[in-house]
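Here's a quick walk through one chain, its domains and its ligand. Have the viewer open while you read.

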Amino acid sequence: MALQAARRAVEHRTRLADLFPWTKSPLVIGAPMRVFSGPAMAVAIARAGGLGFIGPGETAATSAVDLAEAGKLLNEKPLPTSVAGKASLSASSAGLLPVGVGFQVWNGNLASAVDAVSTHRPCAVWLFAPRDGQPQIDDWTAQLRAASPGTQVWVQVGTLREAVEAASTADALVLQGAEAGGHGRTSDGIGLITLLPEVADTLGETGPPLIGAGGIADGRGAVAALGLGAAGIALGTRFLAATEARINPAYQAEVVRASDGAAHTGRTHLYNHLRGTFGWPPQFSPRGLLNQSWADQEAGVSFDELKVRHDAAVKQGGTAAWGPEGRTATYASASVGLVRSVDGAGEIVEQLHKEIDGIRGLL
Ligand SMILES: Cc1cc2nc3c(=O)[nH]c(=O)nc-3n(C[C@H](O)[C@H](O)[C@H](O)COP(=O)(O)O)c2cc1C
């Protein structure tokens with residue numbers, strides 16, 4: 001089974017390379033992180049031969065604004081006409097923007113998403129976190145496909161059950177391991193090293209391409225995911241430390257500073273609530289760095305008092321907000337200790353490819 005899955009992953013890599021002809025195989029993907037993954041980062045990733053997703057914005061209208069900005073950046077400086085020896089456009093990608101866009105389904109606005117996608121025609125959309133499971137994903141998929149034929153619809157899932165449900169409609173499945181930063185499964189998630197191969201075996205010949213996500217920060221994690229049956233690799237936390245990320249410098253510095261994700265990250269809704277975000281479906285919760293708000297909560301401080309301290313810290317900014325003594329949300333992966341420098345998003349993609357090639361050569 002393992003060899004069959006590996007062969008399928010290789011076929012799927014070819015399929016992805018045909019669909020996204022400006023990319024280098026294996027496909028390196030910038031995950032759509034809410035607000036942090038903006039158009040500049042998605043375009044920088046595309047220029048380096050990867051696929052960058054724009055994250056959901058502050059409001060439903062932001063996706064269209066961000067996609068328009070990506071289009072403008074690409075008009076001003078088009079992608080190289082040839083990447084990795086291939087023409088950067090093909091019949092299948094003609095007329096599509098070489099960046100993707102992510103939508104959070106539980107509180108997303110489908111009408112705005114349809115508008116943004118039909119106007120700007122991204123090459124792919126990435127759906128995540130339905131409140132009501134697969135029927136809601138099916139609804140979004142059908143409407144987005146009708147709005148922009150040719151746009152690939154990817155669905156991020158974190159369990160075998162979700163993968164099986166989404167497999168027949170998604171053009172690709174992003175398998176999110178429990179290591180991932182940001183929101184993931186609250187209690188039924190599992191590490192990528194077991195999720196990926198079991199999904200690959202269960203879906204078999206007819207399954208869509210599988211993308212590995214969660215805890216991948218360099219070429220070692222990428223090669224591991226490819227070996228497990230991934231056709232491509234998606235990274236979030238590593239791109240928080242990209243020069244193009246839309247992130248507060250103190251948040252970014254904390255991602256670079258922090259280590260030992262097992263000890264220093266955890267899943268909790270505390271930071272959502274401190275920031276005034278309520279209503280996430282209970283099956284999802286975010287992984288982030290545990291700071292002073294967490295310590296105070298553990299020590300019995302009331303939520304109202306935590307909120308007062310949080311708001312004052314955010315007002316102050318810097319290490320009062322983000323850092324070991326900080327108080328606000330610093331969502332990041334279990335792999336945070338592997339993120340050690342701020343680099344251009346394009347350099348991150350190029351470095352990954354170099355490491356993937358080098359490590360494969362040694363195995
Ligand atoms: C700060 C942050 C914000 C995120 N926001 C989103 C989001 O809005 N939508 C989404 O589908 N995934 C989001 N994710 C999860 C990513 O899609 C992906 O699963 C994760 O980053 C992969 O794990 P990694 O962080 O270890 O690379 C976010 C992740 C992080 C770290």
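## Domains, ligand and a few local oddities

Let's begin where the two domains meet: the interface of domain 1 and domain 2 has zero salt bridges by the rule used. Keep in mind that this is a predicted model. What the domain pair does have is polar contact, with 13 residue pairs counted between domain 1 and domain 2, both partners at pLDDT 80 or more.

Now for who is who. Domain 1 is built from two stretches, 2-246 and 341-362, while domain 2 covers 259-331. Their contact draws on 17 residues from domain 1 and 14 residues from domain 2. Measure between C-alpha centres in your viewer and you should get 28 Å from domain 1 to domain 2.

How much area do domain 1 and domain 2 bury between them? The figure is about 1400 Å², and 53% of it sits on carbon and sulfur atoms. On the domain 1 side, 39% of the area buried against domain 2 is supplied by Trp106, His183 and Thr186, more than any other three residues give. Strand β9 (residues 182-185) brings four residues to the side of domain 1 that touches domain 2, the largest share. Sorted by class, that side of domain 1 holds seven nonpolar, six polar and four charged residues.

On to the ligand. It is surrounded by 22 residues, and the closest are Gln156, Gly215, Gly236, Thr237 and Ser333. Three glycines offer a polar backbone atom to a ligand oxygen, as follows.

| Residue | Atom of the residue | Distance to a ligand oxygen atom |
|---|---|---|
| Gly181 | polar backbone atom | 3.2 Å |
| Gly214 | polar backbone atom | 3.4 Å |
| Gly215 | polar backbone atom | 2.7 Å |

So much for the ligand; back to charges. The count comes to 17 salt bridges. One of them pairs Arg34 with Glu58, whose closest N and O atoms are 3.6 Å apart. Why does that pair tie together parts that are 24 residues apart in sequence? Because Arg34 lies in the loop between β1 (27-30) and α2 (39-47), whereas Glu58 lies in the loop between β2 (51-54) and α3 (62-76).

Finally, two spots in the backbone deserve a click. As background, most residues other than glycine have a negative phi, and most peptide bonds are trans. Going from Ser25 to Pro26, though, the peptide bond is cis, with omega near 0 degrees. You'll find Pro26 in the loop between α1 (2-19) and β1. The other spot is Arg121, a residue other than glycine with a positive phi, near 45 degrees. Arg121 has its place in the loop between α4 (110-120) and β6 (122-128).

Key:
Residues are numbered from 1 along each chain as its sequence is written. This is a predicted model: local features need pLDDT of at least 70, side-chain atom pairs count only at pLDDT 80 or more; totals for chains, interfaces and linings use all residues. Side-chain values use heavy atoms; hydrogens and water are left out. Domain bounds come from an automatic or database domain assignment. Contact means heavy atoms within 4.5 Å. Buried area is the accessible area (1.4 Å probe) that two parts lose on being put together, summed over both. A salt bridge is a side-chain nitrogen of Lys or Arg within 4 Å of a carboxyl oxygen of Asp or Glu. A polar contact is a pair of N or O atoms within 3.5 Å; within protein, one must be able to donate a hydrogen and the other to accept it, and residues adjacent in sequence count only if both atoms are side-chain atoms. Helices (H or I, at least four residues) and strands (E, at least two) are DSSP runs, numbered from the N terminus. Ala, Val, Leu, Ile, Met, Phe, Trp, Tyr, Cys and Pro count as nonpolar, Asp, Glu, Lys and Arg as charged, and the others, Gly among them, as polar. A residue is near a molecule or strand if one of its heavy atoms lies within 4 Å of it.
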